[in-house]
Structure formats: structure tokens, C-alpha cells
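This report reads one structure through a few of its residues, its cores and the surroundings of its ligand. Please keep the sequence and the three-dimensional view at hand while following it.

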Amino acid sequence: MSTARENKLLDYRSDTVTRPTAGMLDAMMRADVGDDVYGEDPTVRQLEEATAAWFGMEAGLYCPSGTMTNQIAIKLHTQPGDEVVCDRLAHIYNYEGGGIAFNAGASVRLIDGDRGRMTAAQVAANLNPDDLHFPPSTLVALENTVNKGGGCCYPLAQMQEVAALCRQRGIACHLDGARVFNALVATGDDPKAYGQCFDTISVCFSKGLGAPVGSVLIGSAQALHKARRYRKVFGGGMRQAGYIAAGALYALHHQVDRLADDHRRAAQLAKALTGLEYVGEVYPAETNIVIFSLREGLAPADLLAYLRARGILASGFGPKHIRMVTHLDIDDVMLTQTLEALQAYAPQGVTL
Ligand SMILES: *Cc1c(COP(=O)(O)O)cnc(C)c1O
């Protein structure tokens, strides 16, 4: 079996780069499968039900990607010409290929939240009144943890306030929970409290949970019945998908608590970076994502190249920032090696 460890690459580009563990591969090989477009794959059904139950919701739908679960949710909650309210940093706005317009024909209202987190007051100020001049505001979408915000978590009360506002105004509320398990582990919140806030939640299994493929959209049975139709339209109906769903199910049962290790390592990384002279700003590391900038005049590309030459991969994140993500395939030995390389970096041509 080939793992990142054997490849000797210390890959911090994303928590999507993990390979299945031996236990996960074994569960996948032994999966009980059927044709899921006919609703006959027992493993997929088990995954959908288990994910929904985790958050106290009625039903689930297994999809190939988190982009698809988000896009199906947006399609579910809007009509062409409607407006979606989200933060400027939102994945649904920045990283889904313009899908809000392409798939749902909706426009977007962007809010400048606190590292991607919107308050109820900010949302309220950006909901259009019922006036024929304005696009109808029909969906508010939150993200937790916020990827571009450095993996920060919403306080539960803040999500509840946004949810209460949406309910009061008859507007749907969706959570992009690509890393919702990181938020749950970091905060200790009750997942059922999250389930009560939202009409739909998208949960990714191919991020920190370490499964190779897939996301589950959860919500009411009625919403998910319609979502199943949209999944087919989007080309996401899969046949013996139980083989990959088994990886996700294994992750749900065995790889949730270990996210705390990723969080501890990210905090160690952020702390070490904060002490380095060539580093500018370091975002607070609440979960498994570390975002930092370099001191004025230093090029992120130079540090990235230096790290790459030592078998350490990180991502440029916008023109000024670098993102490093801890995950299942980064252990303490690898982290120590990374901290040593970062400490030894001496930028050329600049007096610090
Ligand atoms: C990764 C991610 C997604 C979904 O990405 P896919 O690659 O399509 O699975 C959605 N939202 C956030 C915040 C993400 O980080």
C-alpha cells in the first residue's frame, strides 16, 4: 500500500490529499453494494442515514463532491433570479466555478464578516425587502469551519441567531459543512444543535475525515426527495457507490475524534510561525488550517520553493498568504521536520 508517509512527501496543501488507512481500505473491499440509482445500495443508504442521524436530521444524499452537495442545496432553496446571501470568503462563491449562477441562475449578495463569519445583524441588513425592484433573498448560506478564514468556527449562538432570523423571514438556511466535524471537535458543540439551525447541511468525507470520495447532503425527507432528482440531473447518480461510501462510513465511525490531533499540530505550527522573523501575520489556528503571510517585501513563492526542495508542500493562498493544512497523513515526526525547515529558512536579499 502506498501512503504519503512512504512517498516521503510532507503534503500540507490540503486535507484532501490523505490516502485511505488500512482499516478503511478493508471496509471498502468488504462493502455490501447494489445499484444506488435504484436506491439499492445498502452501504450508501447506511451512510446517508448515519450522517443524517448524527445531526438529528431526517434524510441524507451521498454525492461525489462537496461542490455538488452545496450546488444541489442552492438549487433546492432558490428560483432563477433569486439572491443568495453569503460571506465574501465563502467556498460556494469563490471555488465552485460560478455554480450559483450557472446551476441555479441566482445572484449573490456578499457580506464582509469576521474571517468569513456573518452576524445576524449583517444578514438582516442584506435581505431585500419584498419590492419588485430587488431580487428575492431566499437563501442564506454559512460555512463552518471557514476555509478562507483559516479554519475558524462559528460560535453556536451566532449560528442560532442567523437561523432564527431566517426562520422568522421565511428564508432557507444552508450550512457548507465541508469541515463541520472539525468545528464540532474544536467546540465540543452538540451536532443536533447544528441540525436544528439549518434546512440543509453539506458534510464532506474527503477532507479531514480521510475518506477518498464524497459528501452527504442532509435535511428533511421532503427536501432530500427533491435533492435526489437534482443529483440525477447534475450527473451525480452513481451505481455501486457502496465501495466508496464504505470509506466515508468507516471515517464516521473511526476517524472523527482524531481530528483533535490535527488541531493540536496546527496550533503548534501556528505558534512556531508566530515566532519567526520573516513571518508577517498568522491567523489564529482554531482547527486544522494555518494561514499566514510573510513580512513586507518577501515573496511567498520563494518560501514555497524552499519548502518544496525539502519535500514539504504548502499552498499559495492569494497573492500574500500561504496555507498549510494538517491531516491524517501528517504525524508528529513530520511536523517536527517541518518546524525545523521553517526555522532554518533565511530569505535572500532582505535584512530582517
Ligand atoms: C472542499 C470544500 C468544499 C467541497 O469541495 P469538493 O472538492 O467539491 O468536495 C466545499 N466547501 C468548503 C468550505 C470546502 O473546503
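## A211 and its contacts

Leaving aside its neighbours within four places in sequence, with which residues is A211 in contact? In this predicted model, A211 is in contact with M24, F205, S206, G247, A248 and A251, once those sequence neighbours are set aside. A211 has its place in the loop between β7 and β8, the latter spanning residues 215–219. One of the listed partners, G247, is 36 residues away along the chain, yet the C-alpha atoms of A211 and G247 are separated by 5.2 Å.

Is A211 buried or exposed? Its relative accessibility is 2%, and because buried means under 20% relative accessible area, A211 counts as buried.

## The nonpolar cores

The largest nonpolar core has 53 residues, and those with the most contacts inside it are F55, V140, L142, F181 and F205. Helix α12, which runs over residues 242–254, gives the most to this core, with seven residues. A second core, separate from that one, has 30 residues and includes A270, L304, Y306 and A314. As a general background, nonpolar side chains in soluble globular proteins tend to be buried together.

F205, already named among the residues with the most contacts inside the largest core, touches L47, T51, G210, A211, G214, S215, V216, A248 and L252 when residues up to four places away in sequence are not counted. A248 is thus listed for F205, and A248 is also among the contacts of A211.

## T200 in strand β7

T200 has its place in strand β7, which covers residues 200–204, and T200 is buried, with a relative accessible area of 0%. Which side chains make polar contacts with the side chain of T200? One polar contact, of 2.8 Å, joins the side chains of T200 and H77, and another, also of 2.8 Å, is made with the side chain of H174.

Apart from neighbours within four places in sequence, the residues in contact with T200 are M57, A73, L76, H77, C173, H174, L175, L217 and I218. H77 and H174 therefore appear in this list of contacts as well as in polar contacts, for which a pair of N or O atoms must lie within 3.5 Å.

## Around the ligand

The residues around the ligand are S65, G66, T67, N70, H91, E96, E143, N147, D176, A178, R179 and K207. By class, this shell has one nonpolar, six polar and five charged residues, and helix α4 (residues 66–77) gives the most to the shell, with three residues.

Individual atom pairs add detail to this picture. A backbone N or O atom of G66 lies 2.8 Å from an oxygen atom of the ligand, whereas the side chains of H91 and D176 each have an N or O atom paired with a ligand nitrogen, at 3.4 Å for H91 and at 2.6 Å for D176. On its own the ligand has 380 Å² of accessible area, of which the protein covers 84%.

## S315 in strand β12

S315 lies in strand β12, formed by residues 315–317, and S315 is buried, with a relative accessible area of 16%. A polar atom of the S315 side chain lies 3.2 Å from the backbone oxygen of R13. Not counting residues up to four places away in sequence, S315 touches R13, L304, H321, I322 and R323; of these, L304 is also included in the second core.

Methods:
Residues numbered from 1 in each chain as written. Predicted model: local features only at pLDDT ≥ 70, side-chain atom pairs only at ≥ 80, totals over all residues. Heavy atoms only, no water. Helix = DSSP H or I, 4+ residues; strand = E, 2+ residues; numbered from the N terminus. Buried < 20%, exposed > 50% of the residue type's maximum accessible area, 1.4 Å probe, protein only. Polar contact = N/O pair within 3.5 Å; in protein donor to acceptor, adjacent residues only side chain to side chain. Contact = heavy atoms within 4.5 Å. Core = buried A, V, L, I, M, F, W, Y, C linked by side-chain atoms within 4.5 Å. Near = heavy atom within 4 Å. Areas by Shrake-Rupley, 256 points an atom, 1.4 Å probe, with all protein chains shown as cover. Nonpolar A, V, L, I, M, F, W, Y, C, P; charged D, E, K, R; others polar.
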